[in-house]
Amino acid sequence: MIVQRVVLNSRPGKNGNPVAGNFRMEEVNLPDNINEGQVRVRTLYLSVDPYMRCRMNEDTGTDYITPWQLSQVVDGGGIGIIEESKHTNLTKGDFVTSFYWPWQTKVILDGNSLEKVDPQLVDGHLSYFLGAIGMPGLTSLIGIQEKGHITAGSNQTMVVSGAAGACGSLAGQIGHLLGCSRVLGICGTHEKCLLLTSELGFDAAINYKKGNVAEQLRELCPAGVDVYFDNVGGDISDTVISQMNQNSHIILCGQISQYNKDVPYPPPLPPAIEAIQKERNITRERFLVLNHKDKFGPGILQLSQWFKEGKLKVELFFFFPAAFQSMMTGGNIGKQIVCISEGISL
């Protein structure tokens, strides 16, 4: 059986921007037979995420994700349907997901590496398991629960950078649901700002490419910032931190502005901002959702409930690899998903 797959063709370099030429599509032969414990699955959806930029380097800079290898198939979050099974707990027709799904149209996998998903939790929208009811949703929810220290009724203000992205667009909504009285998003276009305030429940939004961000932040958050959901790092985060209150909290979700640079993670703050952080006792701890797997089950149920009640709205867009390039330069809105039917198109 001939299948299509996407492999890493070249590396952009630690300080380079990804381009389409870094990837290559090829056809390979998939064995006709599977072994005991294995399943053959047809890929339905693939996830595009900022952390993948780190996997394009020879050294990812972390101890929990491995680099993609040249001329080898790339992988990431994925969902598919089982076409043949020799695994005792999986049958033909089951929908399954994995955080390490190969980017090819059909693939043979170890059944133990897969998790079965229930379409009823997402009203049949399977791709949501890669977004709001999946890892981005869990990252936002658990990150806020573990690091945000939100207390309902205490008039806390939350700011979200990268607010129109996969995690940011969910974090603002979840912040409100968990008790924040005011949520402000920072993004890069007027279109995104309008989406945040008109569709996703943000109280206000700042286009960082227009006007003075510090002045707008002071005007829109007159009581200061209590919780900062940081997706971007860099100058934007420095500006937000400078306006955070005493004993406030930073949820360090991502630093996408730094992923094309050869810097440690999390990147160190400039001396003046670090001084503010220490003086005001602002917590800024690295958050890794994979360290909280015991909370995944309850988290998925909570996210599903909010979705079904209409309290959590979902945005899905785009295709790969144009999606990857767009995401790394702020072009995306919401979660980026690749829909696979009969083939992959570069």
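Q: Is Gln277 buried or exposed, going by its relative accessible area?
A: This is a predicted model, and Gln277 sits in helix 7, which covers residues 271–279. Its relative accessible area comes out at 16%. Buried means under 20%, so Gln277 counts as buried.

Q: Which residues is Gln277 in contact with, leaving aside its neighbours within four places in sequence?
A: One pairing across the sequence is with Ser242, 35 residues apart from Gln277 and 8.0 Å away in space, C-alpha to C-alpha. For actual contacts, setting aside neighbours within four places, the partners of Gln277 are Leu269, Ile282 and Arg284.

Q: How many residues of helix 2 are buried?
A: Helix 2 runs over residues 135–148 and has 14 residues. Its buried members include Pro136, Leu138, Leu141, Ile142 and Ile144, along with Lys147 and Gly148 near the end of the list. The helix is mostly covered, and the buried count is 11 of 14.

Q: How far does helix 2 reach from its first C-alpha to its last?
A: At 1.5 Å a residue, you'd expect 20 Å for helix 2. The model comes close to that, with a reach of 18 Å.

Q: Which residue just after helix 2 takes a positive phi?
A: Helix 2 ends at residue 148. Just past that end, a phi of about 50 degrees turns up, and the residue that takes it is His149.

Q: Are helix 2 and helix 3 parallel, perpendicular or oblique to each other?
A: Helix 3 covers residues 168–178, and its axis comes within 9 Å of the axis of helix 2. The two axes cross at roughly 45 degrees, and the crossing is right-handed. Roughly parallel would need an angle under 35 degrees and roughly perpendicular one of 65 to 115, so helix 2 and helix 3 are oblique.

Q: How many nonpolar, polar and charged residues make the contact of helix 2 with helix 3?
A: Helix 2 brings Pro136, Gly137, Ser140, Leu141, Ile144 and Gln145, while helix 3 brings Leu170, Ala171, Ile174, Gly175 and Leu178. Sorted by class, that contact has seven nonpolar, four polar and no charged residues.

Q: How is helix 8 oriented to helix 2, parallel or perpendicular?
A: Helix 8 spans residues 296–308, and its axis comes within 10 Å of that of helix 2. The crossing angle is roughly 100 degrees. Angles of 65 to 115 count as roughly perpendicular, so helix 2 and helix 8 are roughly perpendicular.

Q: Which residues of helix 8 make the contact with helix 2?
A: From helix 2, the contact takes in Met135, Gly137, Leu138, Leu141 and Ile142. By class, the contact of helix 2 with helix 8 has eight nonpolar, three polar and no charged residues. On the helix 8 side, the residues are Phe296, Gly299, Ile300, Gln302, Leu303 and Trp306.

Q: What is the relative accessible area of Gly21?
A: Gly21 lies in the loop between strand 1 (2–8) and strand 2 (23–29). Leaving aside neighbours within four places in sequence, Gly21 is in contact with Asn9 and Ser10. It still counts as partly exposed, at 41%.

Q: How does Ala20 count, buried or partly exposed?
A: Ala20 lies in the loop between strand 1 and strand 2, with its C-alpha 9.5 Å from that of Asn9, 11 residues apart along the chain. Its relative accessibility is 37%. Buried means under 20% and exposed over 50%, so Ala20 is partly exposed.

Q: What percentage of the residues of the protein chain count as buried?
A: The chain has nine helices and 15 strands. Of its 346 residues, the buried share is 54%.

Conventions:
Residues numbered from 1 in each chain as written. Predicted model: local features only at pLDDT ≥ 70, side-chain atom pairs only at ≥ 80, totals over all residues. Heavy atoms only, no water. Helix = DSSP H or I, 4+ residues; strand = E, 2+ residues; numbered from the N terminus. Expected span 1.5 Å × (residues − 1). Buried < 20%, exposed > 50% of the residue type's maximum accessible area, 1.4 Å probe, protein only. Axes fitted to C-alpha atoms, helices over the stretch in contact; angles between N-to-C directions. Parallel < 35°, antiparallel > 145°, perpendicular 65-115°, else oblique. Left-handed = near helix turned anticlockwise from the far one by under 90°. Contact = heavy atoms within 4.5 Å. Nonpolar A, V, L, I, M, F, W, Y, C, P; charged D, E, K, R; others polar.
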